[in-house]
Every structure is written in structure tokens, then in C-alpha cells.
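Visitor: Before we begin, could you take me through this model by setting each value against its definition?

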Amino acid sequence: MKRSIPLAIVITLGFLFVGYVFIPHKISTDFYEWYMEWIKAMSPFGVVLGIMSIVMTHSARIQHKVPNWQYSIVTLIAMFFTAYAGFAWGTQEGTPFMWLFKNVQMPMGATMFALLAFYIASASYKAFRARSAEATVLLLAAIIVMLGQVPVGVSMFGEGINDITHWILNVPNLASKRGIALGVGLGMVATSLRILLGIERTYLGGGE
Amino acid sequence: MKYMKLSIIGFIVVLLLSVCIPKEMHAVPKTITDIEVIDIPNDDGTGLQIMWKALPKESRIISYRIYRGTNKDTLFFIGEIPINVKTGANSETMSFYDKDFNEFLDIRSPGKLKKEKKAGQDSPFYQKIPKDMSIVGPMLQHYSILGVLPKDEFYYKTTQVEQTEGEETIVYAGVKSNQITMLKKLIPGNEYHYSVIAVDEKRKFWPADKIASGIPIDNEPANPTDFYATYVTDKQVLNFEWGHPLSYDDIYTYKIYAKSPAEDNIGKQIFETKTPQPFPSADYASIKLDDNKVIDKNGDILYDFAKNSIDKCEFYLVFTDYAGLKSTSEPISAKHITSNDLPTIPKLYIIDKKNDKGDYNTLFWGKPIAYINSVQPISKDKIVIGYDYNTNCNYKINEIYFDIYDKDYNLIKNVNEFFQDNIFNLKIDKCMEELEELNVKISFKYNGKVDQDYVIEQKLKYSPEILTLKAGPVSIDGNILEKYTYTLMKKTQNNEIYRSIKKAAGIERESDDKVAYESNVVKGVSNYDLEKNLFLVDTNIDLVWDKEAKSTISTSIYVSEKDKTIDNMKKQIESVEEMLKKATTDEEKAYYGDYLVQFQNSLKALESNSLLQEVNSITNQKKRMKKIASIREVDKRYFNYFMMMSNGKAYVVEDDMQLVDGELEYVIPAPNWFDFEKLPALIASLLFGLLVFLFVTFARQGKNLYVRPIAGIDEIDNAIGRATEMGRPILFCPGLSGISDVATLAGLSILGRIAKRAAEYDTRILVPCRDYIVIPIAQEIVREAHYEAGRPDSFDKNNVFFVSDQQFAYVAGVNGVMIREKTAANFYMGMFYAESLIMTETGNATGAIQIAGTDAITQVPFFITTCDYTLIGEELYAASAYLARQPLMLGTLKAQDYAKFFVLLFLILGTLLSTFHVTAIIDKFPNK
């Protein structure tokens, strides 16, 4: 019962929404819109799950004094203070909540994003080492594409490098991307079908 | 540890101080001192403009809040203008327009009267108008209020309320404040009071030093502009066209007058049309003269041009508003043209739009059009020409031929676009500057035939500004298409005037017109019941258009009131008859006479209409309303369409009326039960389903289904084993998407199998989540896995935890877990974005074995570079089935492979056929 009811709901609603894709009738679209309204109404309750998870995880860490438990205090204080700031003073421009968002969260997020530049350089170094024939091809292709994207490349090697860059990007690169996309599309359909037919049930918890 | 604690406390103290301690205040003005309220010109007397001087940038103002009241003691918040605190206001003078129907009361309004505490306890400023009936009720008399109710609320959920007004008892439909959205308009002649509060970046309120007052006044409409007239001599047609006024809400009639030199003032009226409120009218008039005379519907001569030559006549356009105020154009004379000077108008066709829910009609006209819209050089001798084409249901384009000539009309190339991808390459022997221009002739093969008589011409001229060839105007037989526009109009059965729905450019060939299903009922609100806490609205509702009586039938929504509609109509007729008797001027007599005829027709219709009788025979309230809804909601969606073509300067050509059996044809769109555009997708899905069924059957029969080995999946066990040997935990990231993403579902399926193996080896598995809906599902999966492995004791709910729903905060959290917990095996299965590389590089640095699987093509290279094994695209979806090794699962996997084979077969076949200009297969697939 614990698994069969959720499974029945998944299968019934799954087929209804498959029907919605092919049936443009008002009844079908009204049902979809009605469902989306409910989704909008339900999703805020999901936040409670997130908050509960954070509180339980970090309070357990503090309680058991696991290594680096002090960070958990910072996390909980930050969470509750931000929430309090939002409730007490609102979330408009000029409030403490917005100040925290603009001066704490946004710079921290930007800092993490900025790290990506260095990680890309490091990853490029790993990828372009000519250890094998395939890696050498990769290296050459990357050099050509990079030179084709910048004016100095055109001035050094003429407009021909532009054509080669376009060819690499539009033919082998695009072909392989589309090949992956094709497989992904079919994989999605197959997984959806497994779920709809009740063959795949691991997402409900447990094994087969 | 001691330093860590101190640093944490220090951080929190600094954070709190930053928020709480105010920065040094500068002596800059923050109070508005010059607020004034003025009447908006050329309107219907329902608009006021509130003006004040913007405070300087140094005041650090983030917004101006505007308040309005009907007395100076109570001003309610009505709107806010946000200001960029860094740049200040965009202009020196700030303006707020309080006009048209806008928000009065809605679901977001406060329940009770709430003071703006920040403006001071003694201030007259309050938050929005509250839902409190004792406050909002008396305010209704100061405004024109429209109530918008969801139709079902009005049909089924109102309360019948009786109110005695004098000797009469009137029945209203009572609605609660949470059922209705109310919009307001100011009333001309009433006084309103306004003030503004400046809000600084600390959200401190700075009220203006005074409350300004204003009275909206009904003014005459703006003077007509862009008024043109032509006289088509061979057809004896006078055409007029004028510019659309900015505000047409208040214009009741458009009148045209003709004046000969001998006549006074603006002469005599020759044309009149009304505005199809609340929609705009088509701004033109086409008057067919009968032996040089303008004759009205009744056969009376309005004007005789035989006596006063059109050459010598001047024409005036007069706008008249509902209060009778007029504005007149400058006089113009008619330009004489012949029908040869006018373009030929194609016939307009109307069909129900296919594959929709029944809320669109498709309007189409004319033959297909193709034109070049861009020229881009890709090298010295090669250019890319971009083109576009417009066609409609009548013409299925097979091929488009572009014949490219140089400036001397020497042929450069014939291009056959058998597959229209909106682009083709052209090799040129000179640079574009030397070419100067290209001439293009465009023709078509449509509906299986080449139309050699239909040629579109276009010039591409070199432009030094953009350093490339610029596409010129498109012409057919010398007529430049861009000069003309098609004005599409429609009207309902109960309205004589067409309303303008779209002006389509001369190159367009199709347009969809939305015929929305009714969702709301709009009612005027002027009354309330304080005891019952209800707003009161009229109970009548339009039922159907009676063709014979030419009148709209209305009825009450309440069964008990159904007969009173006729009684009320009789009373109205009596009152109009009395007015008619008292009328002294011809104008008054004509006015009341028209009303009397209208009411008499309505009464006749009420007494004889079969649909009304059918409705009134139902005694159950709900069933009766259902019947009313089924009649009225269909009846209101019938439309007759009309099209005219013009150049904006009275070169007007009208299409024929849409008639059926000599009467105007009214069409209604119908909902469709199947989207035929998606038929190929349905067939492919069914075939795939069939393949799945076949292979599942084979697998059940014990046939050996070979599945190619996938290294990444094979290594999962080794990775778990490694973590077990090292005594360190495993990390599993289910991606950044929500549970609705199939990639997340595929990732969670893999989690179930990894968690089971980890439980068997007694190895801790950590699952940081970004989506809070994913948490309980992941927790359940891991819990079940532990139970199945026989290790329920080792399950810890807190090992599946929420980190943050912010992308980079999540990355920071996951990276922290990797470093602190020293995870030995990291799995990334699901949808990932820019954070993928940051996570996997960190995992790489900690020395963990990493296996990733994603369908995000852009992230695959990063995973391949930094992870030990990567499941690319479909392998992620195959992983769960691959690990399960069950016949059912393997069957779907095998079916997936065969489906891929068939897709490849189609791709190769399509490519080969397209190479030989055979597009039959491609054409079977939808364009989108």
C-alpha cells in the first residue's frame, strides 16, 4: 500500500499529462492550468522541508560536537537572522534583508563563480596535454578554434582559419552534440516510459 | 579552536553592526516641497497628474510613494515610483498619472485600516484601501468602480440581497471582498487630495510638506491629426483616413463634414461612425457617391457634390466625446486619383485555427511573399544571404527561386531553395562596395506548380554605414508592399461597428485573432451592504443576441427574479415615452425615439425568445445558470471579419464583406481533440512503446539481451569498494534540477543502487541536495536501501541533507563537505550547470575517485576532464537499468538502442533524399 498508492498516482497523472501534450482541447488545458495553480500553491511548503533538514542536520552536528561544529552555528544564525530580517523589515530595497542579499550573498556567489575561470584554466591544461593521438587532435582543434575566435589569429594565418573554425564548430562539434542530444532525448523517453509503466520504481525508495 | 570561535563571534558582531548602525547622515533635502495636482488635458475628466520636483541624488531616495484621498485626513497608498539610488531620478520633475481604470481593491488589500507607521502616528497616511466594508463602502460614491469577478463566482457563489430604495425593492447580487477585484476611475468634478512620501535607502519615510488637491475636468478630445482625403474619380468614391488619437476612450463619434466656399462654418455632415468601446475603431471612411451625392441609409441626400464641386470642397473631421465636447481638424481637400493608383486587395479568408483549444481564428490573404532581410559577408568573395517568407493555408510552398542579378541585370546565380532554411550562400567576384547593388527576382513553386507570372522584385544596395548590402523595399508589379498595411477588423453580432484588431504589414499573409473564452464577468459596483459585509452588483447578465428583434437578451442570474426582467423593461419604456413627450428639440426627440425603439425591440425579444423561455423553464438555480453559461459563452464568441488596405493617406481599398446566403457570416473557433502537428511524435512514441513491449517479452522468455559494457557504470562498485577500504564516506550529488527533471529521476534511481551497495559495505553515503522536494525522496531511497541491505541501524537521516537552493552557495557547501569529510568516492548524477567544474576540481584535489553522469551537453567536457569516469547523455538514463540487470529494465534499454537505430536510419534517408531535392519525408514532420 505504501508504494502502490504513490505508484498509482504517478501512473495515472503521468498518462494524463502525456494526454495533455497531444490534446489541445480546452478541457485538457484547463486541467493543466488548474494543476499548475496547485503546484504554485504547494511548492512554498517544500521550503519547510529544506529548513527542517538544515536545522536537524546542523543541530545534530552541534549537539554531538562533531569536528568543525562551529560552522553549523554560523549557518543556523545566518539562516534565522536573514529570515527574521525579511519578516521584520520586509524585503524591499533598503531593508536589512536586501542589504544582506546585496552585500553578503551576491558577492559570495560572485566569488564562487569567479573561481570558475581558474578551474577552467586548470581543466584546459589537463585536457590539452598531448598524451595520445586523440588528445593531440583535441589540442590542435582547440588551438585552431581559439585562434579563429580572436583577431590576432586571423592576422597571423589569414581568413582561412576562420573557415576552419566555423567548420570545426558547425560540423564535427555540432554533429557530436546532436548525437548526444538524440541519445539524451531517447533516454528521457525510455526513463519516462519505465516510470509510467511502473517498471522503474527506485525513485519511490528501495529497490525493484 | 579558540581563534576559530573568536573569529566566528567577530564576524557576527561586524555583520550586526553593519546592519544596525546608521551611516553618517548628510544634510540633504528629503522633503518634497512643491507638489501640485493638475487636470490631464484632452481626457474624459477622469485623470489627474501629480507633479513634484525630484529630490537630488544625494538624498539617497529609493522610491516615491503616492497617496490619494477624498478628504485630507485620510490618504491611501495608491502607487510607487522606484528610483535607482545610485543615479537618482531620470528627470527633474516627477509625475504620477492617476487615470483610467486601475487598482482600487483586490486580494492583496489589507483586511483592516493600517496606518503608515513610518510616516508618523499623527500623519494622514494609510496603507492601501482596506477590505473593511465600513471604510471602503462609503468611498464607492467618490469613484466609478468596476468589479471583475471570476465567472463561476458570479454564476454560482453570490448572495441574493434585497434593498429598499424609496418605494422600490431592488435585488442585488452580493459578493464578498475576496471574490472581486475592483478597479476605479475618478469622477469628473469631484475633488481629490494627494501627497507623496519620499523613501530613503534606510526605508525612512519623508512625507511632502503639504497635501495638494485637484479636480478632474472633462475636456474636449485632442485635435484630429494626419487627416487625408482622396476621391477615386472613376469609381466615385470618397476616401478618408486619419491618425489614431492617443486616447480614444472618450471619443463617442467620428464625423466628417464637407464645406463648399459658399457654406458657413464647417459645412454639412457627410459621415458618422461611433467608437466600438472599449476597443479602437478603424480610422477611415469610404463613401460611395451616387451620382455625386452622399446618400444615407434611409435614402436621404446628405450632400450633393454636383452642386458643389469636390475640387472646391473642404473636409473637416470632428471628434465628439460623451459629454458632447468637440474638436475639429484643419480643413483639407481631396486628392483626385483613379482606381489604377490603388493596389489590388487580396481576398480575406477566415478559418478556425487548427490544433488549438478553440480560442483562435486564422485570417489569411494573398499569395506567398519572400524577401531578403540581411546580407552578411563571411569572406571576401562569399556572402550569406538571409531571407524570410510568409505564406498561408492556401499555399504550400515547395520551392523558392532567387534569381540574383548585378546592377546591369547580368545574371549572377539562380538559387533554388527547395528546403527553406532562411539562408543561402552566394559567391561574388567583386567586393560588395564595387558591386554597388544586386537585383533579386523571387518566384515560387507552390501547391506543386511553378507560378511564372508571380514575381517579387527587390534591390540590395551597398550601404557605407553598415558596410554591407542593405535590403531595399519589396515590390510586385511596381507596387511597393511596405507602403501599404492591411487593417483587420471584426465585430460581434450585437454591434454594428467594426473594431480594429490588427494592422498587418504589406508583406504579411496570415494573422491569428484571439477569441478568448470568457473567464470573468465585469460589473459596476456602487452599492454595499454593511451588515452582511457584501458589495452589491446588478443581477442581470447578457444571454443571447436575438437576430429578429436585433437586441441582446438579458436575464437575472436568480430564478426568483427571472420574470422581473420583463417588468423592468416595461417600466423603462414608460419612462422613455414620458421623456419623449417632454422633448422639445428635434435632437432630443431623435435621441429618445431611438431609445424607445431599442427598448421596444428588447421587450419583444424578451417575450418571444425561445432560448430565454427554455432557460426560464428550469427551476433549479444551479442548472439554470449552467444553461445560461452554455448559451451566453458561445454566443459572445461569434465574429464577422473585414479587411481594408491603405497607405495611411486615404489610398483605401476595401475587401468584400464576409457573407453567407446574403447575410454577414459570423464564425466561431472550435476546440480540437488532437494536435495533428504532434502526430509524428505520437507515432514514434507508440512505435517505441511497441519495441519496449517486444524486448520485455523477449527478455521474459529468457533470451539473452546483450548490452554493451559501460565503463563508468562498471566502476561504480569499485569506487564504493575503495571508499569502504579507506573507511571514508561516499558523496552523491543528485544534480541541481528539481524532481520534475528526468535527469534527477535517473540520478535518484542510481542513488538507490549505490546506497544499497554502500549499506551492504557499511559505508556512509552523504547526499547534499539543492531542491527541497528532492530531500524526502532521497532520504526515503537511502532508508529503503539500508533496510533492503539488512542494515537499518546504519541509516542516518541527516546524511541526506539540504544545503542551499542558491547555485554557488550549494557548491560552497558541497566543496566543504568534500574537504571536511574527505570523501573517497564522489558521484555526480543528474543535471548540472556552471558549478560542475568547481565541484569536480575540488573532488579531484581531495583525491577522490569521481564518476559523473549528466545530460547537460555543455558540462560533459568538464566532467570528462576532471572525473575518472563519465556517463555521457543517454548512459545516465541507462545506468539504472544496466545496474539492475532485470529483464524488464534491459528490455527498455534494448528498445532504446533499436529506436536510436531507426532514428539514424531516418536521418541518413532524409539526408540522402534532401541531397536530391526530395523533401517528402522532411515535409511530413512539423516545422517546430
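Guide: Let us start with a helix of chain B, α9(B), whose buried residues pack against α7 (160-196) of chain A together with α17 (887-915) of chain B; helices here are DSSP runs of H or I with at least four residues, strands are E runs with at least two, and both are numbered from the N terminus. This is a predicted model, in which local features need pLDDT of at least 70, side-chain atom pairs count only at pLDDT 80 or more, and totals for chains, interfaces and linings use all residues. Residues are numbered from 1 along each chain as its sequence is written, while chains are lettered from A and ligands numbered from 1 in the order in which they are written.

Visitor: Which residues of α9(B) are called buried?

Guide: Phe688(B), Leu691(B), Val692(B), Phe695(B), Val696(B) and Ala699(B) are buried, a word that asks for 20 or more other C-beta atoms within 10 Å of the residue's own, with 12 or fewer for exposed, partly exposed in between, and C-beta atoms placed from the backbone. They cover an arc of only 130° around the axis, which puts them on the same side of α9(B), the arc being that of the directions from the helix axis to the C-beta atoms. On the other side of α9(B), Ile683(B), Leu686(B), Leu690(B), Thr697(B) and Arg700(B) are exposed.

Visitor: How do you know that the end C-alpha atoms of helix α9 of chain B are as far apart as they should be?

Guide: The expected span is 1.5 Å times one less than the number of residues, so the 22 residues of helix α9 (residues 679-700) of chain B should span 32 Å, and the 31 Å between its end C-alpha atoms agrees with that. After α9(B) comes Gly702(B), with a positive phi near 95°.

Visitor: What is the radius of gyration of chain A, set against a compact globule?

Guide: Chain A has 26 Å, whereas a compact globule of 208 residues would have a value near 17 Å, by a rule of 2.2 Å times the number of residues to the power 0.38, taken over C-alpha atoms. Buried residues make up 16% of chain A, and its secondary structure comes to seven helices and zero strands.

Visitor: How many residues does each chain bring to the contact between chain A and chain B?

Guide: Chain B gives 78 residues and chain A gives 64, two residues being in contact if their C-beta atoms, placed from the backbone, lie within 7 Å. Helix α12 (residues 774-788) of chain B supplies the largest share of the chain B side, nine residues.
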